[in-house]
Amino acid sequence: MKKILITGANSYIGQSLENWLEKSQGDYQVDTLDMINPAWKEYDFSPYNSIFHVAAIVHKNEKNLNQDLYDKVNRDLPIELATLAKKAGVAQFFFLSSMSVYGNNEEVITTSTLVKTIRQANGKKTLLTSIFNPILNQLTGIGQFNKLFGNLVYDQGLSQEAFDYNVVNFEESIRKSEGSEEK
C-alpha cells in the first residue's frame, strides 16, 4: 500500500485527488495536512511514499494580496516542505503551481497558440475561428468568463533571473512535455 500525504487540507484539487485515490480499493492510504498552522514543520513525513502539495494562494489577480505573502505561500512554503520531505526520505514530491510563480517562456504565447501547438505535437489539426468574438467581447468583465477567455498576461519581469532557466524554447518544451520529439 502506498502512503500519500496531501498538503493543503480542504483544497479543491487535494479533495478531488483524495476522493479518486480512495476508490482504489486499498492501494493507497491518504492523509491530509493543513499548512496554515506552523506546527506542520514538526510533522513526521517519513512514513510517506509521496507528498502531493496543493496549498497555495490562487487567483492572485482577483484579490488585493500582499506580494510578500503570496511569494511566501506559493514559492517559499513549497521549497521548505520539499526540503523537509527529502530529508525524511519521501520518494516523490508533486507540486502543482501556476505560471505566475514560475514566470513565462521567453516568447509571449497566446492561449490559441498553446492549444494549437499541443494539438500539433499530438498529430491533430486545429481550426481557429474568430466568428464568436463579437459574442465573447460582450461577456468580458464577468470574473469567471475572464479566467477562460480573458486577456491577462504575466509580467515578463517575472522571468528575469540571475541565470537563464529557459533552457528550451516554447515549441521544444511542448514536444518534450507531450512526448513528441519529432521536429
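These notebook entries record what I looked up in a predicted model of the protein.

**Entry 1. Overall fold**

I began with the secondary structure and found 7 helices and 4 strands. Read from the N terminus, the elements follow the order β-α-β-β-α-β-α-α-α-α-α. I then turned to contacts between residues with a separation of 6 or more, and 73% of these join residues 24 or more positions apart. Of the 183 residues, 24% are buried. The protein exposes about 13,200 Å², and I noted that carbon and sulfur atoms supply 53% of that area.

**Entry 2. Helix α1**

Which residues of helix α1 are buried? In this helix, which spans residues 12-22, I listed Gly14, Leu17, Glu18 and Leu21. Viewed down the axis of α1, the buried residues fall within an arc of 100 degrees, so they line one face of the helix. I recalled the general rule that an α-helix has 3.6 residues a turn, so residues three or four places apart point the same way.

I next asked what the buried residues of α1 pack against. Their partners are the strands β1 (2-7), β2 (28-33) and β3 (50-53). On the face of α1 turned away from its buried side I found Tyr12 and Trp20, both exposed.

**Entry 3. Ser50 in strand β3**

Strand β3, one of the packing partners of α1, contains Ser50. Is Ser50 buried or exposed? Its relative accessible area is 7%, and Ser50 counts as buried because that value lies under 20%.

The side chain of Ser50 makes a polar contact of 2.7 Å with the side chain of Gln92. Leaving aside residues up to four places away in sequence, I recorded that Ser50 touches Lys3, Ile4, Leu5, Val90, Gln92 and Phe94. Gln92 therefore appears both as a residue touched by Ser50 and as its polar partner.

**Entry 4. Salt bridges**

How many salt bridges does the structure hold? I counted 3.

Lys41 pairs with Glu80, with 3.5 Å between the closest N and O atoms. This pair links distant parts of the chain, since Lys41 sits in the loop between β2 and β3 while Glu80 belongs to helix α2 (residues 67-87), 39 residues apart. Both ends are partly exposed: Lys41 has a relative accessible area of 39%, and Glu80 has one of 32%.

Asp71 forms a salt bridge with Arg75, the closest N and O atoms lying 3.8 Å apart. Because they are 4 residues apart in helix α2, Asp71 and Arg75 are separated by about one helical turn. Arg75 also forms a salt bridge with Asp76, here with 2.8 Å between the closest N and O atoms. I therefore entered Asp71, Arg75 and Asp76 as linked in a network of salt bridges. Within this network, Arg75 is partly exposed at 40% relative accessible area, and Asp76 is partly exposed at 34%.

**Entry 5. A nonpolar surface patch**

Finally I looked at the surface for nonpolar residues. Which residues form a nonpolar patch there? The patch consists of Ile131, Phe132, Ile135 and Leu139, and together they have about 420 Å² of accessible area. I checked Ile135 individually and placed it in helix α5, residues 133-138. Ile135 has a relative accessibility of 54% and counts as exposed, because the cut-off for exposed is over 50%.

Methods. Residues numbered from 1 in each chain as written. Predicted model: local features only at pLDDT ≥ 70, side-chain atom pairs only at ≥ 80, totals over all residues. Heavy atoms only, no water. Helix = DSSP H or I, 4+ residues; strand = E, 2+ residues; numbered from the N terminus. Buried < 20%, exposed > 50% of the residue type's maximum accessible area, 1.4 Å probe, protein only. Contact = heavy atoms within 4.5 Å. Areas by Shrake-Rupley, 256 points an atom, 1.4 Å probe, with all protein chains shown as cover. Patch = residues over 30% accessible without salt bridge, like charges linked within 9 Å, V, L, I, M, F, W, Y side chains within 5 Å. Salt bridge = Lys/Arg side-chain N within 4 Å of Asp/Glu carboxyl O. Arc of directions from axis to C-beta. Polar contact = N/O pair within 3.5 Å; in protein donor to acceptor, adjacent residues only side chain to side chain.
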